[in-house]
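Visitor: Could you take me through the ligand site and the annotated binding positions of this structure, one piece at a time?

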Amino acid sequence: MSVLGCGYLGVTHAAGMAELGHQVIGIDIDPEKIAALADGRVPFFEPGLDELITRNLAAGRLRFSTSYEDAATADVHFICVGTPQRSDASAADLSHLHAAIEALAPSLAHECLVVGKSTVPVGTAAHLAEMLRVLVPDGDTVSVAWNPEFLREGTAVADTLRPDRLVLGVADTAAEKVLREVYAPLIEAGVPVVVADLPTAEVIKTAANSFMATKISFINAIAEFCDASGADVTVVAEALGRDPRIGEQFLKAGLGFGGGCISKDIRAFQARAHDLGVGHALAFLAEVDAVNLRCRDRVVELLRKQCGGGFAGRRVAVLGAAFKPNTDDIRDSPALYVAELISREGGVAAVYDPRAMGNARQAFPHLTYATSPLDAARGADAVALLTDWQEFATLDPRVLGKEVKSRNVVDGRHLLDAEEWQGAGWQYVAPGRPALQS
Ligand code: UDX
């Protein structure tokens, strides 16, 4: 089989499919990326992925190439290219997807299945099927399926090898049979399968991301309400989460969601709803987006207060740069948004992250970078905990307290033990926990 697009999703999927025993070729147009991967080097940090790639390269089940022609003999082609937000609109940019299909089509000379995994607006699979019918020399031999991917960064390997469910979006039983063969080891191990038609499979993915975004923004809206009413959002979330109808996951208030997927997907979903004349049905997602973006400014406001009303001439230790822990991905990172605002207002944002320093430095060269949490804290007027890396949870507030100028901390991720930090003489504040601030 082939995997087209060796970004985050493609590389993990290619390695995962090889691990299931398939012969896999990963294709990407970036020669540097392909050279690194062929050499067993993953161009981003993802726990366990290096080992998976190295093992499958050595076993001869996994190869990488820049040539689409090398994919020609495969029976199944997974499309894993990115579908970012358009620069001029909130809709998805499908240019990489169209380019991949155009590059692949001329080489397809025998019966095969093209399987989309990228997150796309509903109707894309039908459009690609039509493109292939026109572009492939004998277009009738190629069919299209949609098999959305739900992997999370940081746990991508486990999510690929032990997914919660497989969604098989197919137009006929032949395609379903092929996909069931591809995933046979997972299905035999008990992974539930949902069979759907093409538009349903496309909608499942955007609906899933929208639901998670809504859950996070719900609890962050409650955090705003808690700030106004004296209640504690962490206790509210704990009690809500104990109800199995609600569930405890994705109820952590704080800085909100970032990363390369959720925000752009909920925006593209709204754009597609608008095109289909049902913009009103998803209008609430605009509010979900707005609540999420407000979280960042609310954390900035808490910090500004701790810095005496403004950042000019102040130093803030910024703990975290990645959009979430266990990744070096800084796309739409709430932590770097906060750091950037501090710096823009004349303050020094001294950033430390266990994995994302290289990416952060490249994208935000004007920020200050520290070599450790202690180094970041040296002489700081406040400490901002902005990414919930486990190693920050175990920081000793007494040790850090000796480094800072003032013992002020804003816990933007509700990670730290408030009592412990207060006991060590810190002014601890966190969004949605007003009682701690008095
Ligand atoms: C998400 C989806 O989970 C995944 O299924 C999809 O394939 C891609 O998008 P990912 O972007 O890797 O995955 O991150 P996820 O673990 O879902 O977290 C998203 C963001 O929400 C992070 O910034 C995280 O910090 C934040 N978050 C998560 C919260 O603020 N509170 C929570 O309770 C949970």
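Guide: Here's a walk from the ligand shell out to the annotated residues.

Keep in mind that this is a predicted model. Start with the ligand itself: 20 residues surround it, and the closest are Glu-153, Lys-252, Phe-257, Gly-259 and Cys-261. By character, the shell splits into 10 nonpolar, five polar and five charged residues. Both domain 1 (2-196) and domain 2 (197-438) supply residues to that shell, so the ligand lies between them.

Which element gives the most to the shell? That's helix 9, with three residues. With 32 residues (198-229), helix 9 should span 46 Å at 1.5 Å a residue, and its end C-alpha atoms are indeed 46 Å apart. Right after helix 9 comes Gly-230, with a positive phi near 90°.

Now for the UniProt record. An unreviewed entry puts "binding site" on Phe-150, Leu-151, Arg-152, Glu-153, Lys-205, Phe-250, Leu-251, Lys-252, Ala-253, Gly-254, Gly-258 and Lys-324. These positions stretch over 175 residues of sequence, with the farthest two C-alpha atoms 24.8 Å apart, so they don't all gather at one spot. Two of the annotated residues, Glu-153 and Lys-252, are also among the closest to the ligand.

Take Phe-150 from that list. You'll find Phe-150 in the loop between strand 6 (142-146) and helix 6 (156-161). Phe-150 is partly exposed, having 17 other C-beta atoms within 10 Å. Beyond its sequence neighbours within four places, Phe-150 is in contact with Asp-159, Pro-163, Asp-164 and Ala-208. Gly-254 sits in another loop, the one between helix 10 (233-241) and helix 11. Gly-254 counts as buried, with 26 C-beta neighbours inside 10 Å. Setting aside residues within four places in sequence, its contacts are Cys-295, Gly-412, Arg-413, His-414 and Pro-431.

UniProt's unreviewed entry also gives "binding site" at Asp-28, Lys-33, Thr-83, Thr-119, Glu-153, Lys-264 and Arg-331. They span 304 residues in sequence and the farthest two C-alpha atoms are 24.4 Å apart, so these don't all gather at one spot either. Thr-83 is in the loop between strand 4 (76-79) and helix 4 (95-104), and is buried, with 23 other C-beta atoms within 10 Å. Past its neighbours within four places in sequence, Thr-83 contacts several residues, including Thr-119, which is itself on the annotated list. Lys-264 belongs to helix 11 (residues 262-275) and is buried, with 23 other C-beta atoms within 10 Å. Not counting residues up to four places away, Lys-264 touches Pro-84 and Gln-85.

How values were computed. Residues numbered from 1 in each chain as written. Predicted model: local features only at pLDDT ≥ 70, side-chain atom pairs only at ≥ 80, totals over all residues. UniProt positions renumbered as here; feature names shortened; annotations may be inferred. Helix = DSSP H or I, 4+ residues; strand = E, 2+ residues; numbered from the N terminus. Buried ≥ 20, exposed ≤ 12 C-beta atoms within 10 Å, placed from the backbone. Contact = placed C-beta atoms within 7 Å. Expected span 1.5 Å × (residues − 1). Near = placed C-beta within 6 Å. Nonpolar A, V, L, I, M, F, W, Y, C, P; charged D, E, K, R; others polar. Domains from an automatic or database assignment.
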